[in-house]
Amino acid sequence: MKKHYTLSVLYLCITLFTKAQEAQLHPALIDTLANKEVAKWQFSTEQTITNSYVWKGIPFYSGLVVRPSVIAQSGNLKIHSWSHVPLVLSHQTRYNPDINLFVSYEKSVHDKLTLSPQLTSFFFPSNHKNIFTVLLSTSLQYDLDPVGIMINPMVDLCGNAGAVHIEYGFYKKSRINHNLNIDSRLLMGWGNASFTDYFLPIPPRSEFITNPKTTPAQSLRNARLEIFAEYICSDRLLIKPQFIVYSNFIRSYTNQNRGVSANGGLTLAYSFRK
């Protein structure tokens, strides 16, 4: 069953990318190639503080968390590295350092369709069982105006072969004025038992599971509403407030983790471009 899920999602990722290669290029990209413009590398850093750390609906830390990150971008190619540092830990939670790397390439297939193959690596130096893994995903967005639809299938390539996660839903990008942009997304997510079992034990499993020794991992299902604002202060400085409401559906979660939770934060972004 694990191999079936993995092969299905991997096939979907490859098929989406192949279709994009066969499709007509976006006119703006054709003009860029015709003019032989070479995109220069641009570097930036972001410092984010949130009231908790939640990824794909899985809560890693409760309490204030700082996320330092560095970003390098050249044209449609983006490289992003980040980590998390909890400022406050509960007596049940221990700090598990993480170093993550994200590489993506965004391609406009035509005016309304955007495809982005992505590789994401997770490195947990202090976790002896789940120390390193790489996830392959392909984000597909189709703009219906005024809203768009998206799907993002993800499959684990090495550390946890057989792990699969898929999220899908709606998004809307709004330009309020010259300085303010607001992006919102309403998403549903599903991850199989292998996906949940790999990432859930990274905090102490007893914090989330009623009986960590006897309770098997179950598939993850969640719904999320995400709102991200971007305010341009200057050519180099951006302020990005964020607000996320999410609900998980894992029967093995304890009562304190059922229902609806909220996550809010603020990001300061600084660009080093000339």
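I began with Ser271 in this predicted model, where I found the residue at 6% relative accessibility, so I entered Ser271 as buried, given that the label applies under 20% relative accessible area. I then placed Ser271 in strand β14, and I looked up what touches it: leaving aside residues up to four places away in sequence, I noted Phe43, Ser44 and Arg236 as the contacts of Ser271.

From there I followed β14 to its partner and recorded that β14 (residues 260-271) and β13 run antiparallel, joined by 11 bridges. As one position in this pairing I wrote down Leu238, whose bridge partner in β14 is Ala269.

Next I turned to the pairing of β13 (residues 237-248) with β12 (residues 220-232), which I found to be antiparallel as well, over nine bridges. The connection from β12 to β13 is a hairpin through four residues, and within the pair I located Phe228 opposite Gln242 of β13.

My last lookup concerned the surface, where I listed a nonpolar patch formed by Leu144, Val147, Ile149, Phe170, Leu186, Leu225, Ile227 and Phe243, with about 670 Å² of accessible area together. I picked out Leu186 from this patch and traced it to strand β11 (residues 180-191). At 48% relative accessibility I logged Leu186 as partly exposed, because the label exposed is kept for residues over 50%.

Terms used
Residues are numbered from 1 along each chain as its sequence is written. This is a predicted model: local features need pLDDT of at least 70, side-chain atom pairs count only at pLDDT 80 or more; totals for chains, interfaces and linings use all residues. Side-chain values use heavy atoms; hydrogens and water are left out. Two strands pair if DSSP finds at least two bridges between them. Helices (H or I, at least four residues) and strands (E, at least two) are DSSP runs, numbered from the N terminus. Patches are made of residues with over 30% relative accessible area and no salt bridge: like charges are joined within 9 Å, nonpolar side chains (Val, Leu, Ile, Met, Phe, Trp, Tyr) within 5 Å. Accessible areas come from the Shrake-Rupley method with a 1.4 Å probe; for residues, only the protein chains shown count as cover. A salt bridge is a side-chain nitrogen of Lys or Arg within 4 Å of a carboxyl oxygen of Asp or Glu. Buried means under 20% relative accessible area, exposed over 50%, partly exposed in between (1.4 Å probe, protein chains only). Contact means heavy atoms within 4.5 Å.
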